[in-house]
Amino acid sequence: MQSERGRQETTEKASTTKRRLGHVVVHVDAPANPQSKSFSSGSLLIGAGNGCDLVIENRTVSRHHVRLSIADSGVELVDVGSRNGTFLNGQRIGTALISSDAVLRLGTVSVRLELTGQNASTGGVAQFGRYAGKSAAVYRVVEQLKAASQSDIPLLLEGESGTGKELVANAIHENSPQRRRLFIATNCGALDRQLACSELFGHARGSFTGASQERVGLFEQAHEGTLLLDEVGELPLDVQPILLRALETGSITRLGDSRARAVRVRIIAATNRNLREEVRLGRFRQDLFFRLAALRIELPPLRSRKEDIEYLALGFMQEFGMLELPSELLETFKVYFWPGNVRELRNAIKGYSVVHALPPEILERRSSIRCDAPALDVTVPYHEHKKRLNDVFVRSYLELLLRQTSGNQSEAARISGLDRSHLNRLVAQFLR
């Protein structure tokens with residue numbers, strides 16, 4: 001068996017040959033000795049005991065609380081048996097691999113990690129399965145996905161159409177303890193009440209017209225595996241309490257049958273709707289929402305991670321056998337809004353690889369997406385000039401947003417993240 005020293009030497013060697021991490025800086029927001037600590041190899045033990053490399057003076061921190069080690073693709077975190085736990089993104093963790101800046105909670109104490117440098121083996125790419133990117137948004141999501149894959153509690157994936165929710169769900173399954181069992185996906189938006197119950201829970205022979213033989217439902221098929229409920233926000237309202245009961249009891253009953261059958265399934269739900277708003281409007285049960293959203297991860301739209309566009313485009317180019325991607329094409333991609341997100345980008349490159357032309361909607365919107373800001377004039381007072389530039393941005397953003405949503409201000413508010421009343425005031429101020 002490899003010794004502790006041998007493992008440490010192996011880790012240090014890997015960090016030297018595969019990484020340009022530079023160093024990790026640990027900052028503590030409570031009395032500590034030292035208050036901050038940096039390291040670039042080996043490991044760092046944090047706790048309240050005098051033998052730790054970083055000693056935190058707080059009674060909610062255990063004597064030996066957490067160990068950080070330089071790993072091949074980031075910083076490896078191991079909770080070494082703390083009393084009050086180690087938390088990342090609100091989730092209690094035992095182990096985690098951290099590849100970007102992060103904030104941990106040890107007991108009640110916040111500890112901030114700053115990582116400098118990039119991973120030389122991947123070119124600074126954060127990746128989980130086929131979900132990948134170089135942006136800070138993707139780094140954060142990848143860390144959440146890695147933690148979520150080690151659990152079996154229900155997970156809600158939120159994000160616009162085309163952001164990769166089914167791709168991510170499949171990757172979570174492949175990296176989970178359930179990976180040797182089935183991963184099954186179903187689209188809840190295509191199910192009415194009878195079909196939904198039959199699809200999810202199965203039915204007995206003769207239970208309804210056309211039921212000529214018994215059917216095993218998806219819950220039973222996915223026993224000890226993973227079941228993805230895609231577009232769960234569109235699940236019929238009268239089916240929702242049946243789903244809730246199955247989740248609460250861990251058992252299902254086939255249509256036309258009276259026998260309850262125990263099932264153990266990791267549920268991943270996905271939606272492009274705002275389920276909190278659906279609950280408020282009475283279209284989705286609040287108790288089911290809370291049951292499905294034990295963990296929530298939101299996948300960012302492509303327009304908020306534009307530094308990933310070139311990386312993704314080059315990957316799709318290789319997928320479709322293209323030898324080069326014209327620089328003008330890349331520039332067009334970088335200023336386009338991408339309402340269909342990564343799926344639309346992939347389809348655009350696929351189409352271009354066949355006919356060497358962009359879809360007209362991309363070409364039509366190219367010029368409208370650019371903001372023509374006024375030239376800087378240092379003779380104008382700072383705050384006055386800042387207001388002028390901000391006004392140009394707000395006006396251009398609103399014009400594009402409303403064009404994108406065909407004037408639908410509810411959809412515009414959802415996309416922009418603005419409160420509807422705030423959006424109305426901005427439209428009245430800048431566009432009327």
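In this predicted model, strand 21 (residues 226-230) runs alongside strand 24 (residues 266-271), and the two pair in the parallel sense over four bridges. A handy place to start looking is threonine 226, which stands opposite arginine 266 in strand 24. Strands of a sheet pair through backbone hydrogen bonds, either parallel or antiparallel.

Strands 21 and 24 belong to an open sheet of five strands, ordered 18-21-24-17-25, with parallel pairing. At its edges stand strand 18 (183-187) and strand 25 (295-298); each has a single partner strand, so one side of each is left without a neighbour in the sheet. On average, neighbouring strands of this sheet are turned by 20° against each other, direction ignored.

An antiparallel sheet can be traced as well. Here six strands form an open sheet, and following them across gives the order 4-2-13-12-9-10. Strand 4 (36-39) and strand 10 (91-93) are the edge strands, each pairing on one side only. From one strand to the next, the twist averages 30°. At one end of the order, strand 9 (residues 86-88) pairs with strand 10 in the antiparallel sense, over three bridges. Within this part of the sheet, threonine 86 stands opposite isoleucine 93 in strand 10.

Aromatic side chains come next. Phenylalanine 87 has a charged companion: arginine 105 lies over the face of its ring, at 4.1 Å from the ring centre. Rings may also pair with one another, and a pair of aromatic rings is described by the distance of the centres and the angle of the planes. The structure holds four aromatic pairs. Ring pairs also join Phe333, Tyr336 and Trp338 into a cluster.

Finally, the empty spaces deserve a look. Rolling a probe the size of a water molecule over the atoms shows where empty space is left. The largest pocket has a volume of about 820 Å³. It is lined by 29 residues, of which Arg130, Gly164, Leu167, Phe316 and Val342 are the closest to its centre. Which helix gives the most to the lining of the largest pocket? That is helix 3, with six residues. Helix 3 (165-174), strand 16 (131-133), helix 9 (309-319) and helix 11 (341-355) each supply at least two residues of the lining. Sorted by class, the lining of the largest pocket has 11 charged, 10 polar and eight nonpolar residues.

Terms used:
Residues numbered from 1 in each chain as written. Predicted model: local features only at pLDDT ≥ 70, side-chain atom pairs only at ≥ 80, totals over all residues. Heavy atoms only, no water. 1 Å grid on protein atoms, 1.4 Å probe; cavity = no way out; pocket = protein on both sides within 12 Å on 5 of 7 lines; lining within 4 Å. Points joined across faces, edges and corners; volume = space filled by probe spheres on them. Nonpolar A, V, L, I, M, F, W, Y, C, P; charged D, E, K, R; others polar. Pairing = 2+ DSSP bridges. Axes fitted to C-alpha atoms, helices over the stretch in contact; angles between N-to-C directions. Phe/Tyr/Trp six-rings, centres within 6.5 Å; stacked < 30°, edge-to-face > 60°. Lys NZ or Arg CZ within 6 Å of the ring centre and 35° of its normal.
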